[in-house]
Structure formats: structure tokens, C-alpha cells
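Colleague: Could you take me through one part of this protein in detail? I'd like to look at the pockets.

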Amino acid sequence: AGGKAAFFLSGRSYASDGHDYGLRKFTPNSMALSGSPLQWTLDSTALGDGAFVPMAPQKQSSYQAKVTLKPNPRSTVSINYLLSNTYYRSYAHKFKWNPDGDYNRYRDNESVFLKLDQGLSERTYILAGFSQTGRYSKSYVYSNPYDARYNVDPNVFSEFSGYRFYAGGTRMGHAYSDSRVRTYKFELVSQVSDLHQIQTGFEHRATRVHAKYFTIQLHSGTDYQPEVIKTGIHFDEYTRYPKEYSLYLQDKIEYDDLVINLGVRYDLFYADSHTPADPEDLSFTSPMKPIHVYNDENGDGLISNAEMRSDNLQTNADRLQYWFVEAPPIWQVSPRLALAYPVTDRSVLHFSYGHFLQIPQLRYLYANP
């Protein structure tokens, strides 16, 4: 209205079967299991229908809505919303004749961005922003881990090793992850003189990460019924709240024949995790140092020969009382320098030097700690 508001809407739908196809000669239940694997046979009533099945399909819907407001000549406010939903599969060659036994995968993304551009004077303005991004993914063959169709001994895969296609069986894993990242940003830019432009700002990222992974168990210990066992190496679940902070200051110095960007940045990262208290002894289930194997009866910090007795052993529960400590914060001060020198009216020589801090993907920090 009157040049003070604008909006944008869009939507997109995409579907493709991909170029990789399998042949449904078999189904996950094609193998008739009885006794030892040497007695397993093909169940003629559960064989596939011979249909061609896309093994790398993708279906995606995405939407965007953006509104921009300009209440006065010095102020601009924008709101941007993005949403996408994706279903896909990844081609697995061993499942070419048993395509229904491989994973179905889902990925959703949702983002909201708020931005304010506010001029304070002819030489000074501020930029403020907030964003929230959510990423959600899951993969499994059947959504219900107790689905009767999981009633296939996963040992069937061992009977088709090497270059043979699977004639039955289904993936037994379930994986779920969701993360939410909230980012707060503020920046001040001021042309304090004809020579110097000062920029300063801060950013804060608050993240929530939740992940759950498990493998459905089906063997003699579960009476050959699908079961989720929430202990051991076949189950992992965690929720973490890492935080990141950063501050920066930069001076842009503009001469007639040279532009210099001189700055410094400070980064701080809290992992919200734990690390072994003694980095020289990492496994509390099989420690190497005597002080972690036996109880220190006299409290002198050493284990004597008299204390190395079978009736003086520490248990795993004893060691867990002191084994882990909170992971310390990671911080870094990073200098930055950039030069731009015009060589001719069509070419510029650039030089830059800086230190940078990159946080690894959080799933590598938290998986199976």
C-alpha cells in the first residue's frame, strides 16, 4: 500500500522415480526360516510379483512466504517463512531383487527469518535479526518397530554375501533426528569519517539437538519376535543444548588507492556434553591405570601392591562417579586482515589473512558418547 508493503508467495512440487530400478523377484518374507540357516528355503507363496520398482525416488513439496514492510524511509522489516517436505530412497545394489526391504527416508525443513534494517542517521544504521530453523529426518522400512513384517531373521543377509542379491530380509534400523536452531544477530555500521567505517556486532546461536537410533532385535533371545532393546550398542538416544556466541569489530579504511579491512572476532562454544576426566584413560569399562582399577584405601592417590586385590576392585558404577566431567568451553580470538589494491581501472589485487573457528557437525560430537 503506497509503496510501504510487499509480499511474495511461492510453492513447488517435484516428483521423480529416478533412474535406478529394482525387480521385485522376492519380498522381505521370501525366506522360510526353520532351524539352522542350512535349512532355510524360499517360500513360494511369498515371492515377489516381478514388478519394476523405483529404488531412488524423490518427492518434494516446498513453500515460501515473504512480507516486507517499510513504515518509514529509514526502516525496513521483513518476515520470511520456508517449508519443505521430502520423501526419498537411496539406491542399494544388494536389494535390487528385494527392493521393499530397504529404507524409506523422510526429511522436513522449516525456517522463519525476521530482519530489521533501521537507519539512525545518514552515516549510521543497525541490522537486527532473528531466525529459527528446524530440521527433521527419519528413516526406516516400516514406521512401527513392532510391525509383523519385521518378522524376518536378519541373519538371512549373511547367506547372500559377496556379489549376490538379497533374496529376502529387511533393514532393521530406525533413525530419528530433529534439531532446532535459534539465531539472534545485531550489527551496527557507522561511517565515522570519510576514512573509517566501523562495523561491530554479535551473534548468539541456541541449538536443541535430539537423536534416536536403534536396531530391531529378532533372534532366539527375543523368541524370534521384533523387539527394541534399549541397552547396549543397538540403541542410542540423546538430547543436547549447545550454545555459540560471537563478537566482532572491524574497521574499513578507504584510501584513494587502497582499501584495508582490519578486524578481530571472538567465538565461544559450549558443547553441553561430557568428556573423560583423564584423557590418558578413556574406557571406564576397561581402564588401564591401577588407580582406576582398584580402590585407593589409604587415600594417598597411589595404588600399592597390598591394594591390588581381587576383593578391592572398583565396579563400573564406582568409576562412573568420577569418570566424566563437563566438557570445557571452546573459545578463540581470530584476527582478520584484508587489502584491496586497484592495479588498473579494470583489475584489483586482493590479499587476505585470518583465523577461523569451525565447529564440527554436532552428530559427530554426540553419537554414542
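By class, which residues make up the lining of the largest pocket: how many are nonpolar, polar and charged?

Modeller: Sure. Bear in mind that this is a predicted model, where local features need pLDDT of at least 70, side-chain atom pairs count only at pLDDT 80 or more, and totals for chains, interfaces and linings use all residues. Residues are numbered from 1 along each chain as its sequence is written, and side-chain values use heavy atoms, with hydrogens and water left out.

To your question: the lining has eleven nonpolar, ten polar and eight charged residues. Here Ala, Val, Leu, Ile, Met, Phe, Trp, Tyr, Cys and Pro are nonpolar, Asp, Glu, Lys and Arg are charged, and the others, Gly among them, are polar.

A pocket is an open set of points on a 1 Å grid over the protein atoms alone, where a 1.4 Å probe fits, with protein on both sides within 12 Å along at least five of seven lines; lining residues have an atom within 4 Å of a point. This one holds about 770 Å³, the volume being the space filled by probe spheres set on points joined across faces, edges and corners.

Of its 29 lining residues, R135, S177, S179, Q361 and R363 lie nearest the centre. Two or more residues each come from β8 (104–119), β9 (124–140), β10 (173–190), β11 (196–215) and α3 (362–366). β10 gives the most, with seven. Helices (H or I, at least four residues) and strands (E, at least two) are DSSP runs, numbered from the N terminus.
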